[in-house]
Amino acid sequence: MKKYLVLLILLFIITGCANEEKEVVEEPKTEPTTIPVLAYTDDNPIKVGLYIKGKLISEYTTSYANDKDIVSMDVYFTDENDVGSSNTKYNFKKYYNNYEDIDKYKIGFYVSFETGDKHNEKVILNPDVEFALAPWIYIYLYDDVHQTDGAWYSHVTKDDYNDDTIFSSIKLYMAEKCDEVTSDITVSVFTYDDMDDFDSDGYYRGNSIHTAIIKNG
C-alpha cells in the first residue's frame, strides 16, 4: 500500500512539473548609444586681407603669360582699404600687434582656377606646394617678417620652414600653358588655429578669410 502511495505522489509531482508554466524573464531594453556631435564655433578674432602696395585687393587684373609673375600679395591682419604703407614687414607687425594672444594662429591660402572643364584647386598650409598646380601656376610663399631689413631673401622652402615661419606674402607665377587657363584665378587667405577649422573635405570653414579674384586682361 505504501508503495502505491509513493508512486502516486511521484506521479503527481512529475505531472505538476510538466504542466508548470515557465516564467519568462525579459531583459531590460537598452537604447542605442549616440555620440553627441559638437557644433563648430569659430572664436577667431583676426581680420585678414590681401594687399598690393598697401591697398586691399578684392579684384586685380593682370596679363596671363608664360614664364611671368602673375601677382604678389601681402597678408595683413586687417581689412582696411588702405594701410598707408607698402612695407610688408612694418605693416604685418603693426596689425599683428593690435591683437593679444594670437600666437597660436597660422596663415593658410586657397588657390583655384579652371583649365577647360577641369577644376584645379589647392588648400595651402605649408610651403611644400610650389608645383601643386603645375604646369600652369607655381606658388611661392614668403616670410617677410623674419628677415634683416634691406637683405635679399627667397621664398620659404620645406627645408627652412618651422613653427615660427609666417606666410606674410604669396606670389603666383605662370609657368607654362597659360592659354589653357580658362577662368579667373581665385586666391583666398585665411587664419586658423587647429584642424577643426576645416570641414570633412579639407576646406576652411572659419570666419577669418579674404578672397581676391585675379583676372586676365
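Biologist: Which members of the largest nonpolar core touch the most other members?
Modeller: M73, I107, F109, I137, I139, L172 and I185, in a core of 44 residues. By nonpolar core I mean buried Ala, Val, Leu, Ile, Met, Phe, Trp, Tyr and Cys residues joined through side-chain atoms within 4.5 Å. Buried is under 20% relative accessible area, exposed is over 50%, and partly exposed is in between (1.4 Å probe, protein chains only).

Biologist: Which elements each supply at least two residues of this core?
Modeller: β1 (49-52), β4 (68-76), α2, β5, β7 (137-142), β8 (169-174), β9 (185-192) and β10 (209-216). β4 gives the most, with 5 residues. Helices (H or I, at least four residues) and strands (E, at least two) are DSSP runs, numbered from the N terminus.

Biologist: What should I know about the model itself?
Modeller: It is a predicted model, so local features need pLDDT of at least 70 and side-chain atom pairs count only at pLDDT 80 or more, while totals for chains, interfaces and linings use all residues. Residues are numbered from 1 along each chain as its sequence is written, and side-chain values use heavy atoms, with hydrogens and water left out.

Biologist: Back to I137. What is I137 in contact with?
Modeller: F113, E130, L172, Y173, M174, A175 and I185, leaving aside neighbours within four places in sequence. Contact means heavy atoms within 4.5 Å.

Biologist: And the chain as a whole? How many helices and strands?
Modeller: There are 2 helices and 10 strands. From the N terminus the order is α-β-β-β-β-α-β-β-β-β-β-β. Among contacts with a separation of 6 or more, 68% join residues 24 or more positions apart.

Biologist: What share of the chain is buried?
Modeller: Of the 217 residues, 39% are buried. The chain exposes about 14,100 Å², and carbon and sulfur atoms supply 50% of that. Those areas come from the Shrake-Rupley method with a 1.4 Å probe; for residues, only the protein chains shown count as cover.

Biologist: Pockets next. How much space lies in the largest pocket?
Modeller: About 290 Å³. Of its 17 lining residues, D103, Y105, D164, T165 and I166 are the closest to the centre. A pocket is an open set of points on a 1 Å grid over the protein atoms alone, where a 1.4 Å probe fits, with protein on both sides within 12 Å along at least five of seven lines; lining residues have an atom within 4 Å of a point. Points are joined across faces, edges and corners, and the volume is the space filled by probe spheres set on them.

Biologist: Which elements each give at least two residues to that lining?
Modeller: α2 (88-96) and β5 (106-115). By class, the lining has 11 nonpolar, 2 polar and 4 charged residues. Here Ala, Val, Leu, Ile, Met, Phe, Trp, Tyr, Cys and Pro count as nonpolar, Asp, Glu, Lys and Arg as charged, and the others, Gly among them, as polar.

Biologist: What lines the second largest pocket?
Modeller: S86, N87, T88, K89, D144, Q147, T148, D149, G150, A151 and Y153. That makes 2 nonpolar, 6 polar and 3 charged residues. The space comes to about 170 Å³.

Biologist: Now the backbone. Where is the cis peptide bond?
Modeller: Between A134 and P135, with omega about 10°. P135 lies in the loop between β6 (118-124) and β7. Most residues other than glycine have a negative phi, and most peptide bonds are trans.

Biologist: What is the phi of K53?
Modeller: About 50°, so positive, although K53 is not a glycine. K177 also has a positive phi, near 60°. K177 is in the loop between β8 and β9.

Biologist: K53: buried or exposed?
Modeller: Exposed, because its relative accessible area is 69%. K177 is partly exposed, at 35%. K53 sits in the loop between β1 and β2 and touches S85 and S86, not counting residues up to four places away in sequence.

Biologist: And G54, buried or exposed?
Modeller: Buried, because its relative accessibility is 1%. G54 is in the loop between β1 and β2 (55-56). Not counting residues up to four places away in sequence, G54 touches N81, D82, V83, G84, S85 and S86.

Biologist: How far apart are the C-alpha atoms of G54 and D82?
Modeller: 5.7 Å, with their positions 28 residues apart along the chain.
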